[in-house]
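I sat down with this one to look up a few residues and charge pairs. Here are my notes, in the order I went.

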Amino acid sequence: MVIRVPADRFEDVPDFDYEPQYVDVGELRMAYVETGGGATADENEETFLCLHGEPTWSFLYRKMMPILAERGRVVVPDLIGCGRSDRYEDRDQYTVEMHYDALRTFVEELELTNVTLVCQDWGGLLGLALSAEQPDRFSRLVPMNTGLPDGTQEMTETWHAFAEMVATADDLDIGTLVANGCYRDLSEEVVDAYRAPFPDERYMAGARTFPGLIPQSPDDPGAELFAEARDRLAEWEKPAFVLFAEEDPITSDNRDPLRNLIPTASEQPDIWIGEAAHFLQEDAGPEIAERILEFVDRTAASNES
């Protein structure tokens, strides 16, 4: 069964006055917001595609969107099962293939090109795989606190504990989950904004299933997709800027392997984002956005040549 979050759940969300728009991705609607950009479509226009992960939504990028919009178009979707996007009530409907196909359809329907991909957590798994499959659409990559697990990796004990808790907790509080993944304290208003897409348990199937979709063996669903993406990114020739947070116990071990995988990543500054944890967009959004604009500026000439 497909269900939709009531619009009034989002009436009190602070500092996020963007009108939602929707793209049909099969039987579901994927919600997104956008800002910046010119009055008319231009395939040469800089486009920032910002992808969130588990269990957040486009609200996560609110501190970055105005800054990125100074340079181009900013498109921020909600993954299926998150934010204002439609969701399945049945957990079994959520698969890597479903999420990937939905994102691919979204990007194709909007005809996005000259994309700087800004991605974190599951947004990175899906976005990096899509950029590897459709490299002509993407000009730059900015992976943050993410990875490409192909089933050969070792997951940390912290991750296993997190995955078990998300899947089985009797009362999963998404707001508290996000707050615990931040270095800085969040206001109650902001915590409630992360709870908004989840009125009750019926709406949480997507959030419950994300960790369990990470391949634990090369034979698991999704492992081949991510392995192929790794192979293609190992030959990536366009700019890439890996930005990870110093205080993230979930993904920090992925940072150096990812930076070493993508050949052009070593051409960019070797930095960590300080005083930031898993949800680094919350902890250091303006700083990250400024660093991304600097990255775009210093690589613009190479992309045009």
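**Threonine 299**

I'm working from a predicted model here. I started with threonine 299, which touches Arg140, Pro239 and Gln268 once residues up to four places away in sequence are set aside. Threonine 299 sits in helix H10, residues 280-304. Is threonine 299 buried or exposed? Its relative accessible area is 3%, so I put threonine 299 down as buried, the cut-off for buried being under 20%. I also checked a long-range distance: the C-alpha atoms of threonine 299 and alanine 132 are 19 Å apart, with the two positions 167 residues apart along the chain.

**Glutamate 46**

Arg140 came up again when I turned to glutamate 46. Leaving out neighbours within four places in sequence, I found glutamate 46 in contact with Arg71, Gly72, Arg73, Asn114, Thr116, Arg140 and Val296. Glutamate 46 belongs to the loop between strand S3 (28-35) and strand S4 (47-51). Loop or not, glutamate 46 is buried, because its relative accessible area is 8% and buried means under 20%. Where does glycine 26 lie relative to glutamate 46? The two are 20 residues apart along the chain, and I get 28 Å between their C-alpha atoms.

**Salt bridges**

How many salt bridges does the structure hold? I count 19.

I looked up lysine 63 with glutamate 282 to begin with. Their side chains form a salt bridge at 3.4 Å, N to O. Lysine 63 is in the loop between S4 and H1 while glutamate 282 is in helix H10, so this pair ties together parts 219 residues apart in sequence. The two ends differ in cover: lysine 63 is partly exposed at 31% relative accessibility, whereas glutamate 282 is buried at 3%.

Next I took aspartate 297 and arginine 71, whose side chains meet in a salt bridge at 3.0 Å, N to O. This pair also links distant parts of the chain, 226 residues apart: aspartate 297 is in helix H10, and arginine 71 is in the loop between H1 and strand S5 (73-77). Aspartate 297 is partly exposed, at 48% relative accessible area. Arginine 71 is partly exposed too, at 32%. I noted that Arg71 is also one of the contacts of glutamate 46.

Then came arginine 259 and aspartate 270, with a salt bridge at 4.0 Å, N to O. I checked that against the cut-off, which is within 4 Å. Arginine 259 is in helix H9 (residues 255-261) and aspartate 270 is in the loop between H9 and strand S10 (272-273), 11 residues apart. Which way does each end go, buried or exposed? Arginine 259 is buried at 11% relative accessible area, but aspartate 270 is exposed at 52%.

I also noted a network of salt bridges that links Asp173, Glu188, Asp192 and Arg195.

**Backbone oddities**

I went through the backbone angles next. Most residues other than glycine have a negative phi, and most peptide bonds are trans. With that in mind, I wrote down three spots.

- The peptide bond from glutamate 54 to proline 55 is cis, with omega near -10 degrees. Proline 55 is in the loop between S4 and helix H1 (65-68).
- Glutamate 111 is not a glycine, yet it has a positive phi of about 55 degrees. I place glutamate 111 in the loop between helix H2 (96-109) and strand S7 (115-120). At 62% relative accessibility, glutamate 111 is exposed.
- Asparagine 114 has a positive phi as well, near 50 degrees, and is not a glycine either. Asparagine 114 is in the loop between H2 and S7, and Asn114 is among the contacts of glutamate 46.

**A negative patch**

Last, I looked at surface charge. Which residues form the negative surface patch? I have Asp8, Glu11, Asp12, Asp15, Asp17 and Glu189. I followed up aspartate 15, which lies in the loop between strand S1 (2-3) and strand S2 (21-25). Aspartate 15 counts as exposed because its relative accessibility is 64%, and exposed means over 50%.

Notes. Residues are numbered from 1 along each chain as its sequence is written. This is a predicted model: local features need pLDDT of at least 70, side-chain atom pairs count only at pLDDT 80 or more; totals for chains, interfaces and linings use all residues. Side-chain values use heavy atoms; hydrogens and water are left out. Patches are made of residues with over 30% relative accessible area and no salt bridge: like charges are joined within 9 Å, nonpolar side chains (Val, Leu, Ile, Met, Phe, Trp, Tyr) within 5 Å. Accessible areas come from the Shrake-Rupley method with a 1.4 Å probe; for residues, only the protein chains shown count as cover. Lys and Arg count as positive and Asp and Glu as negative; His and the chain ends are not counted. The place of a charge is taken as NZ of Lys, CZ of Arg, CG of Asp or CD of Glu. Helices (H or I, at least four residues) and strands (E, at least two) are DSSP runs, numbered from the N terminus. Buried means under 20% relative accessible area, exposed over 50%, partly exposed in between (1.4 Å probe, protein chains only). Contact means heavy atoms within 4.5 Å.
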